[in-house]
Amino acid sequence: MKTVLIVFALMNLDKLLKTGRCIETQDQILSITPTTQQQVDILKNVSTQYETSLWQPVSHQYIKEETEVHLFVPTSSLATVKDLLQKHDIRHEVLLDNANELIEMQTRNDSTDPRSGSTFYERYHSLEDIYYWINLTIQDNPSRVKAILLGSSYEKRPLYALKLSFSDRPNKKAMWIDCGIHAREWISPAFCLWFVQYSLAFYMQNQDITQILDNLDVYVLPVLNPDGYHYTWTTNRMWRKNRSLSKVSSCVGVDLNRNFDANWCTEGASDYPCSEIYCGEFPESEPESQAVADFLRSHKNTIQLYFSIHSYSQMLLFPYSCSLEEAENHNDLVSSLVQTQ
């Protein structure tokens, strides 16, 4: 069986953004569509020179004519950005006019204990809560769940993966799921927590999950980027990268998703340290990506499936993202996808 690399991009705006109490200032998310190259250049400048966060596309270099751009604009930059758009007749509309209210609501939890009820898995949780959940899950399921310390982050936070093993079948293969590689994509770690809970609760009840767990061990890394995730809870909700300090720039962080030794720093990545898609100084320069890569290499004979959970789209991506070439087993991947629909 060939190793398959699959990237999931998931988004659930209903659960990601919930209404909350009012705050005086209002951040907004704008949908902007440039129609000329001049407007494209202006929009690129707006997205890089002002306090904004580009949601779609992933980097300003991919902004082009007649392509919708989603831009998070905090109150401090809102008037200036809208004035520039209007001045240059750049078509735009407000997608969300109370973003900070909804962000505020995301951090409000009635309970941090997964045994308090099913609503635990319908909410977002801080990094501390997730570490608590890991310990509790192991404690409650000692025969089926094991914690593996892969390493630590730049700021020395532990990288814990959970191994779910439900049968003693010899020579079992495995699959890998990681979440939270991009700090602000909170629904990604939330999915990993939900998946583990669902696997434990519905084994021998749901046919699909039972078949998976009878035939495969499952490794789940709930938060690949703990420093960045913690930072989104304490300082900047829109932070994306990790929190490593650069030797060549005052800008902080590397896009861990672009730091692996696989077509490193080619299409879709940047060597500019201030970019949201900065690939790092060299492949696996970051302790987080190195820890994951080392573990995968040491288990390359057993791990047959790799899933990475992301957000802000409804896409299933498989090799290759760095080129238009098809993977050797492309037809098998397409066939598997069709069978699940």
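**Cores, helix packing and loops in a predicted model**

Among contacts in the protein chain between residues at least 6 apart in sequence, 70% join residues at least 24 apart. The model described here is a predicted one. Its protein chain comprises ten helices and eleven strands, and of its 341 residues 48% are buried.

In soluble globular proteins, nonpolar side chains tend to be buried together. In the present model the largest nonpolar core holds 33 residues, of which Trp133, Leu164, Met175, Ile177, Phe195, Val196 and Val218 touch the most other members. Two or more residues of this core are supplied by each of helices H5 (127-140), H6 (187-202) and H7 (207-215), and likewise by each of strands S7 (158-164), S8 (173-179), S9 (216-221) and S10 (303-311). The largest share, seven residues, is that of H6. The surroundings of Val218 illustrate how the core is put together: when neighbours within four places in sequence are left aside, this residue is in contact with Leu162, Lys163, Leu164, Met175, Ile177, Phe195 and Leu213. A second core, separate from the one just described and made up of 19 residues, has Ala161, Tyr219, Leu221 and Phe295 among its members.

Helix H2 (residues 37-49) contains 13 residues, which at 1.5 Å a residue should span 18 Å, and this agrees with the 18 Å that separates its end C-alpha atoms. The buried residues in H2 are Gln39, Val40, Ile42, Leu43, Val46 and Ser47; because they cover an arc of only 165 degrees around the axis, they are placed on the same side of the helix. Gln38 and Gln49, by contrast, are exposed on the other side of H2. The partners against which the buried residues of H2 pack are strands S2 (28-33), S3 (53-56) and S4 (69-73), together with helix H3 (75-87).

An equivalent check on helix H9 (residues 287-298) gives agreement as well, since its twelve residues should span 16 Å at 1.5 Å a residue and its end C-alpha atoms are 16 Å apart. Within H9, Glu288, Ser289, Ala291, Val292, Ala293, Phe295 and Leu296 are buried, and what covers them includes strands S6 (145-152), S7, S8, S9 and S10 as well as helix H8. Of these buried residues, Phe295 has already appeared as a member of the second core.

Two packed helices are described by the angle between their axes and the distance between the axes. For H5 and H8 (residues 226-234), the axes come within 9 Å and cross at roughly 125 degrees, and the two helices are therefore oblique to one another. On the H5 side the residues that meet H8 are Leu127, Glu128, Ile130 and Tyr131, and their counterparts in H8 are Pro226, Tyr229 and His230.

Several loop positions were also examined. Gln61, in the loop between S3 and S4, counts as partly exposed because its relative accessibility is 36%. Leaving aside neighbours within four places in sequence, Gln61 is in contact with Lys44, Ala269, Ser270 and Ile277. The C-alpha atom of Gln61 is separated by 9.2 Å from that of Gly268, although the two residues are 207 residues apart along the chain. Gly268 also takes part in a second pairing, with Ser323, in which the C-alpha atoms are 9.5 Å apart in space and the residues 55 apart in sequence. Ser323 is situated in the loop between strand S11 (315-317) and helix H10 (330-340), where it is partly exposed, with a relative accessible area of 27%.

Most residues other than glycine have a negative phi, and most peptide bonds are trans. Against this background, the backbone of the model shows a cis peptide bond between Gln56 and Pro57, with omega at about -5 degrees; Pro57 is found in the loop between S3 and S4, where Gln61 also lies. A positive phi, near 60 degrees, occurs at Asn171, a residue other than glycine, which belongs to the loop between S7 and S8 and is exposed, its relative accessible area being 72%. Cys265, likewise not a glycine, has a positive phi of about 55 degrees. The loop that holds Cys265 runs between H8 and H9, and with a relative accessible area of 22% this residue is partly exposed, given that the limit for buried residues is under 20%.

Terms used
Residues numbered from 1 in each chain as written. Predicted model: local features only at pLDDT ≥ 70, side-chain atom pairs only at ≥ 80, totals over all residues. Heavy atoms only, no water. Core = buried A, V, L, I, M, F, W, Y, C linked by side-chain atoms within 4.5 Å. Buried < 20%, exposed > 50% of the residue type's maximum accessible area, 1.4 Å probe, protein only. Helix = DSSP H or I, 4+ residues; strand = E, 2+ residues; numbered from the N terminus. Contact = heavy atoms within 4.5 Å. Expected span 1.5 Å × (residues − 1). Arc of directions from axis to C-beta. Axes fitted to C-alpha atoms, helices over the stretch in contact; angles between N-to-C directions. Parallel < 35°, antiparallel > 145°, perpendicular 65-115°, else oblique.
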